[in-house]
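Biologist: I should like a close look at a single part of this model. Please treat the aromatic side chains and the loops around them in one connected account.

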Amino acid sequence: MDAYQPKKDVIVGILALQGAFAEHQVALQKLPFQKKVVIVLVRVADDLARCDALIIPGGESTTIALLARLAGLLEPLRTFVKRKPTWGTCAGAILLAQAVENTKKGGQELLGGMSVTVARNGWGSQVESFEAPLLVDGLRDPDQTFPGVFIRAPVVMSLDPKPEDPPVEIIARLPAGVLPHAQKLVSSDEDDTDPRDPRTIVAIRQGHHMLTTFHPELTKDNRFHEYFVRACVIPSLP
């Protein structure tokens with residue numbers, strides 16, 4: 001018999017400095033796994049050191065980055081992202097990007113980790129928030145649409161993997177005809193429902209990392225949380 005025994009618990013941290021971290025906690029608590037999912041609210045480096053994986057919630061990306069720096073967490077987070085599964089939602093997606101457009105004055109500190117460029121607040125202000133039904137093959141019950149909640153959502157501008165990077169997998173796009181028109185990011189003669197348009201991309205996976213430009217935590221549907229743990233976290237455990 002092997003001396004190694006697999007871990008009984010999966011420890012998932014949620015960066016709990018600002019934003020919708022409590023909603024992620026509720027979604028994780030309802031996951032249907034045999035292994036217990038232990039949730040750690042990450043506020044200091046010692047919290048982060050306990051985790052097998054991390055979720056960075058929606059909120060305000062510059063505020064989260066500033067609070068992380070003040071808490072002495074910014075560099076530990078960058079190191080963590082290089083080694084362990086991380087999922088960013090909305091503001092968290094901005095922080096995981098390798099480059100960001102439309103930043104506030106003074107720029108935007110990033111954690112990196114995913115080969116993508118995003119535009120901050122790409123659809124416009126709070127009043128341009130919207131919902132859209134998403135079909136996602138990897139989720140449980142894939143024929144059932146997932147309610148995508150987009151609030152001041154970032155927009156994917158390009159996928160930029162280098163040859164040595166893990167491949168980028170597009171796991172969800174906006175359906176044709178539902179792209180908001182409040183703030184166009186391309187010239188008016190382009191077809192903004194073209195599925196090749198990177199702005200239609202709303203969820204990607206790269207290696208053990210995942211990014212969603214919307215807020216799965218603000219719904220009663222926890223299938224994206226289940227997908228992250230099942231597809232990204234558990235395969236990465238020693």
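Is Phe214 buried or exposed, and what is its relative accessible area?

Modeller: The model is a predicted one, and the description below should be read in that light. Phe214 has a relative accessible area of 0%, so this residue counts as buried. Its place in the chain is the loop between strand 12 and helix 6.

The aromatic pairs come next. A pair of aromatic rings is described by the distance of the centres and the angle of the planes. There are six aromatic pairs in the model. One of them joins Phe146 and Phe214, with 6.1 Å from centre to centre and 55° between the planes, a tilted arrangement. This pair links distant parts of the chain, since Phe146 belongs to strand 8 and the two residues are 68 residues apart. Both Phe146 and Phe214 are buried. Phe214 also pairs with Phe224, here edge-to-face, at 5.4 Å between centres and 75° between planes. Phe224 is in helix 6, ten residues from Phe214. With a relative accessibility of 0%, Phe224 is likewise buried, because buried means under 20%. Phe130, Phe146, Phe150, Phe214 and Phe224 together form one aromatic cluster.

The loop that holds Phe214 also contains Glu217, between strand 12 (209-212) and helix 6 (223-233). Glu217 is buried yet has no salt bridge, and the nearest side chain of opposite charge, that of Arg152, is 13 Å away. The side chain of Glu217 does make polar contacts: one with the side chain of His215 at 2.7 Å, and another with the side chain of His24 at 3.4 Å. Leaving aside residues up to four places away in sequence, Glu217 touches Ala20, Glu23, His24, Gly58, Thr89 and His225.

Arg152 itself is located in the loop between strand 8 and strand 9 (155-159). Its phi is near 45°, a positive value in a residue other than glycine. Arg152 is partly exposed, at 34% relative accessibility. A positive phi, of about 55°, is found as well at Asp141, which is not a glycine. Asp141 sits in the loop between strand 7 (130-134) and strand 8 (146-150), and with 42% relative accessibility Asp141 is partly exposed.

A further loop, between strand 6 (114-119) and strand 7, holds Asn121. At 17% relative accessibility, Asn121 counts as buried. Asn121 and Pro154 are 33 residues apart in sequence, but their C-alpha atoms are 4.8 Å apart in space.

Methods:
Residues are numbered from 1 along each chain as its sequence is written. This is a predicted model: local features need pLDDT of at least 70, side-chain atom pairs count only at pLDDT 80 or more; totals for chains, interfaces and linings use all residues. Side-chain values use heavy atoms; hydrogens and water are left out. Helices (H or I, at least four residues) and strands (E, at least two) are DSSP runs, numbered from the N terminus. Buried means under 20% relative accessible area, exposed over 50%, partly exposed in between (1.4 Å probe, protein chains only). Lys and Arg count as positive and Asp and Glu as negative; His and the chain ends are not counted. A salt bridge is a side-chain nitrogen of Lys or Arg within 4 Å of a carboxyl oxygen of Asp or Glu. A polar contact is a pair of N or O atoms within 3.5 Å; within protein, one must be able to donate a hydrogen and the other to accept it, and residues adjacent in sequence count only if both atoms are side-chain atoms. Contact means heavy atoms within 4.5 Å. Rings of Phe, Tyr and Trp (its six-membered ring) pair if their centres lie within 6.5 Å; planes under 30 degrees apart count as stacked, over 60 as edge-to-face and the rest as tilted.
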